[in-house]
Amino acid sequence: MKKFFKVFVFLFIGLNFVFAQEKDSVDLSGLMSDHGDVSFKNTLSRKGQMFVFWGWNRAAFTKSDIRFKGSAYDFTLENVVAHDRPSPLSWDYINPGDISTPQFNFRLGYFIKDSLALVIAQDHMKYVMDQNQTVDFSGNISDPVYAAMAENGTVDLRDKEFLTFEHTDGLNYVNLGLEKYNSLYSSKNIDIVWSYGGGTGVMFPKSNIKLFGNERSDRFHVAGFGLDARTNINFVFWNHWMARIEAKAGYINMFDIKTTLNNQPDKAMQDFVFGQINFGVGYTFKIKK
């Protein structure tokens, strides 16, 4: 709950900027413009404008307590360390048949008013529990074989027989957000636009989990929710083509992670804070004159 409270305060402050009145918004247009007032051009953020974006990310996660609950066990692994898993640099990043294999980001934005966009997004991160770690254990396990692995209040996870735990296809954050855009620079062939905002959505992971040597759970499911704050710099070339660099931070709470292959009530629960850097390309266009 402490993590949730800190992130909530952070997002609340950030979203106050997003929903601020136009007269209070940051307006940096014209600071570096050749035209003085670039609002007549503003190729990205006019009302009725749309954009699509595809990119790739690196992500980081705080330590988390993971609780596992089933008919024969109820225990928590504390301060579990995990990392992302970027794909090796290959044609998978641009091959249409494998483009969703790497860690990717998708955005579809529509400007509901000048400089304010509604954005539908998917952040496809990968979350992999580090196997080479020993973690604190609390709770109970009825099976004597696996209970013995938790002697003295710790579990050595290097023995994969106890647990492997991943969201690798992936840690899918499907979200809806609002973003405020401000022009930094405009010329004939390039615009530079800064934006900031926040969003919320559902977690739809495909969790690859193998607990106590059982058959691995590996299916898509709605596991919880997330919320975030984000900021990005957009470079728009020749009025349409975009390059974007974005930073995002947020909170994820998954209270219904499937741990068994069938429909048994076994589940895991965890929450953590994440950070993300992503970059990619897009295209912006007006849907009507």
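Let's start with one lysine. K206 has a relative accessibility of 18%, so K206 counts as buried. The cut-off for buried is under 20%. Keep in mind that this is a predicted model.

What does K206 pair with? Its side chain meets that of D169 in a salt bridge, 3.8 Å from N to O. K206 sits in strand β11 and D169 in strand β9, so the pair ties together parts that are 37 residues apart in sequence. And the partner, buried or exposed? D169 comes in at 31% relative accessibility, so D169 counts as partly exposed.

Stay with D169 for a moment. The peptide bond that joins D169 to G170 is cis. Omega there is about 0 degrees. G170 lies in strand β9, residues 163-186. For background, most peptide bonds are trans.

Now the whole chain. There are two helices and 15 strands. The chain has 289 residues, and 47% of them count as buried. Next, contacts. Take the contacts between residues at least 6 apart in sequence: 72% of these join residues at least 24 apart. On the surface side, the chain exposes about 14,300 Å². Carbon and sulfur atoms supply 61% of that area.

Next, salt bridges. How many does the structure hold? The count is 12. You have seen K206 with D169. Here is another: D84 and R58, joined through their side chains at 2.8 Å, N to O. This pair links distant parts of the chain, 26 residues apart. D84 is in the loop between β4 (82-83) and β5, while R58 is in strand β1, residues 49-61. What about burial? D84 has 12% relative accessibility, so D84 counts as buried. R58 has 48%, so R58 counts as partly exposed.

Then there is a network. Which residues are in it? R107, D123, R244, E246 and K248 are linked by salt bridges.

I want to spend time on E246. Its place is strand β14, residues 241-258. Its relative accessibility is 1%, so E246 counts as buried. E246 forms a salt bridge with R244, and the closest N and O atoms are 3.8 Å apart. R244 is buried as well.

E246 makes polar contacts too. Its side chain is joined to that of R107 by a polar contact of 2.7 Å. A polar contact of 3.1 Å joins its side chain to that of N232.

What else does E246 touch? Leave out residues up to four places away in sequence. Then the list is R107, E179, R230, T231, N232, Q276, I277 and N278. So R107 and N232 appear in that list, and each also has a polar contact with E246, R107 at 2.7 Å and N232 at 3.1 Å.

On to backbone geometry. Some background again: most residues other than glycine have a negative phi. Two residues to look at here.

One is S115. Phi is positive, about 75 degrees, and S115 is not a glycine. Where is S115? In the loop between β5 (104-113) and β6 (116-129). Buried or exposed? S115 has 13% relative accessibility, so S115 counts as buried.

The other is N239. Its phi is near 75 degrees, again a positive value in a residue other than glycine. N239 sits in the loop between β13 (224-237) and β14. Its relative accessible area is 31%, so N239 is partly exposed.

Last stop, the surface. There is a nonpolar patch of about 390 Å². Which residues make the patch? V174, V202, F204, F220 and V222. Take F204 from that group. F204 lies in the loop between β10 (190-203) and β11 (206-211). Its relative accessible area is 33%, so F204 is partly exposed.

That loop leads back to where we began. K206 is in strand β11, and β11 spans 206-211. On your screens, three places to click. Try the cis bond between D169 and G170. Try E246 in strand β14. Then try the patch with F204 in it.

How values were computed. Residues numbered from 1 in each chain as written. Predicted model: local features only at pLDDT ≥ 70, side-chain atom pairs only at ≥ 80, totals over all residues. Heavy atoms only, no water. Patch = residues over 30% accessible without salt bridge, like charges linked within 9 Å, V, L, I, M, F, W, Y side chains within 5 Å. Areas by Shrake-Rupley, 256 points an atom, 1.4 Å probe, with all protein chains shown as cover. Salt bridge = Lys/Arg side-chain N within 4 Å of Asp/Glu carboxyl O. Helix = DSSP H or I, 4+ residues; strand = E, 2+ residues; numbered from the N terminus. Buried < 20%, exposed > 50% of the residue type's maximum accessible area, 1.4 Å probe, protein only. Polar contact = N/O pair within 3.5 Å; in protein donor to acceptor, adjacent residues only side chain to side chain. Contact = heavy atoms within 4.5 Å.
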